[in-house]
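Student: I should like to go through this model and ask, for each label attached to it, what justifies the label.

Tutor: Then let us set the values against the criteria in turn.

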Amino acid sequence: AALLHGVGCIMSFRELFTRHAVCARRDPTGKVAAQLMREHHVVSVVVADELAEKRVPVGILTDRDIAVAVVALGLDPEVIQIGDIMGNKLVSVREDWSTAEVVELMQIRGVRRMVVTDADDHLVGIVTADDVMSLLAEEMSALADMVSGERKREAALRKVMV
């Protein structure tokens, strides 16, 4: 996160995270979750309870969770439910956080993805380490372009002075 402190990120966190998160309730099976991941080309599903037509996230289930907690143990993915497989420690951030705060929490908690909620803890999206790395790559590229442009301007100025 130190890299982001003091660097004015061009993209705000609200622009960074994905607003469409693939979701499921706790009761479908691991096989259903795997099918959702395949259908939507994602590696995780946000597990959420529905309250008053709003989704309240309770966990995240990843393809790795299915491989390690179901397949490797010889459990039947057509029987075991998502709620029994998902991790029990949900890490979430608010949509009004800064990108630096999000990166810092990812580092502290050692997670690659977090759900994004509004002030009422309703699901609004998901943010991944890949999202952050893409932003950082853009920022670093912009800095490199600035340095290159500065060198060219300085070289041109020296030619004029000689």
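Student: What makes the contact between Asp-27 and Arg-25 a salt bridge?

Tutor: The model is a predicted one. In it, the closest N and O atoms of Asp-27 and Arg-25 are 3.2 Å apart. A salt bridge requires a side-chain nitrogen of Lys or Arg within 4 Å of a carboxyl oxygen of Asp or Glu, so the pair qualifies.

Student: Why is Asp-27 called partly exposed?

Tutor: Its relative accessibility is 40%. Buried means under 20% and exposed means over 50%, with partly exposed in between; Asp-27 therefore counts as partly exposed. Its partner Arg-25, with a relative accessible area of 45%, is likewise described as partly exposed.

Student: How many salt bridges does a search of the whole structure find?

Tutor: The search finds six salt bridges. One of them joins Asp-121 to Arg-94, with the closest N and O atoms 2.8 Å apart. That pair links distant parts of the chain: Asp-121 lies in the loop between strand 5 (113-117) and strand 6 (123-128), whereas Arg-94 belongs to strand 4 (residues 92-94), and the two are 27 residues apart.

Student: What accessible areas do Asp-121 and Arg-94 have?

Tutor: Asp-121 has a relative accessible area of 39%, and Arg-94 has one of 31%. Because partly exposed covers the range between under 20% and over 50%, that label applies to Asp-121 and to Arg-94.

Student: How do you know that Arg-112 and Asp-130 meet in a salt bridge?

Tutor: The N to O distance between their side chains is 3.2 Å, and the cut-off is 4 Å. This pair also links distant parts of the chain, 18 residues apart: Arg-112 is in the loop between helix 5 and strand 5, and Asp-130 is in helix 6. Arg-112 is partly exposed at 43%, and Asp-130 is partly exposed at 45%.

Student: Why is Ser-44 counted as buried?

Tutor: Ser-44 has 9% relative accessibility. The limit for buried is under 20%, so Ser-44 counts as buried. Ser-44 lies in strand 2 and, leaving aside residues up to four places away in sequence, touches Val-22, Met-37, Ile-60, Leu-61, Thr-62, Arg-113 and Ile-126.

Student: What makes strand 1 and strand 3 edge strands?

Tutor: The sheet is open and has three strands in the order 1-2-3, with mixed pairing. Strand 1 and strand 3 each pair on one side only, and that identifies them as the edges.

Student: In which sense do strand 2 and strand 3 pair, and over how many bridges?

Tutor: They pair in the antiparallel sense, over eight bridges. Two strands pair if there are at least two bridges between them, so the criterion is met. Among the residue pairs, Asp-49 has Val-56 of strand 3 as its bridge partner, and Val-45 stands opposite Leu-61 in strand 3. The hairpin of these strands has two residues between them, and Ala-52 takes a positive phi near 50° there.

Student: Why are the buried residues of helix 2 said to be on the same side?

Tutor: The buried residues of helix 2 (residues 30-40) are Gly-30, Ala-33, Leu-36 and Met-37. They cover an arc of only 115° around the axis, which puts them on the same side of the helix. In general, an α-helix has 3.6 residues a turn, so residues three or four places apart point the same way.

Student: Which residues are exposed on the other side of helix 2, and what do its buried residues pack against?

Tutor: Arg-38 and Glu-39 are exposed on the other side. The buried residues pack against strand 1 (23-24), strand 2 (44-51), strand 3 (54-62), helix 3 (63-71) and helix 4 (82-85). Just after helix 2, His-41 takes a positive phi of about 55°.

Student: Why can Met-140 belong to a surface patch when it is partly exposed?

Tutor: Met-140 has a relative accessible area of 42%. Patch residues need over 30%, so Met-140 passes that cut-off. Met-140, which is found in helix 6 (residues 129-161), forms a nonpolar patch with Leu-143 and Met-146, and together they have about 270 Å² of accessible area.

Key
Residues are numbered from 1 along each chain as its sequence is written. This is a predicted model: local features need pLDDT of at least 70, side-chain atom pairs count only at pLDDT 80 or more; totals for chains, interfaces and linings use all residues. Side-chain values use heavy atoms; hydrogens and water are left out. Patches are made of residues with over 30% relative accessible area and no salt bridge: like charges are joined within 9 Å, nonpolar side chains (Val, Leu, Ile, Met, Phe, Trp, Tyr) within 5 Å. Accessible areas come from the Shrake-Rupley method with a 1.4 Å probe; for residues, only the protein chains shown count as cover. Helices (H or I, at least four residues) and strands (E, at least two) are DSSP runs, numbered from the N terminus. Buried means under 20% relative accessible area, exposed over 50%, partly exposed in between (1.4 Å probe, protein chains only). The arc is that of the directions from the helix axis to the C-beta atoms. Contact means heavy atoms within 4.5 Å.
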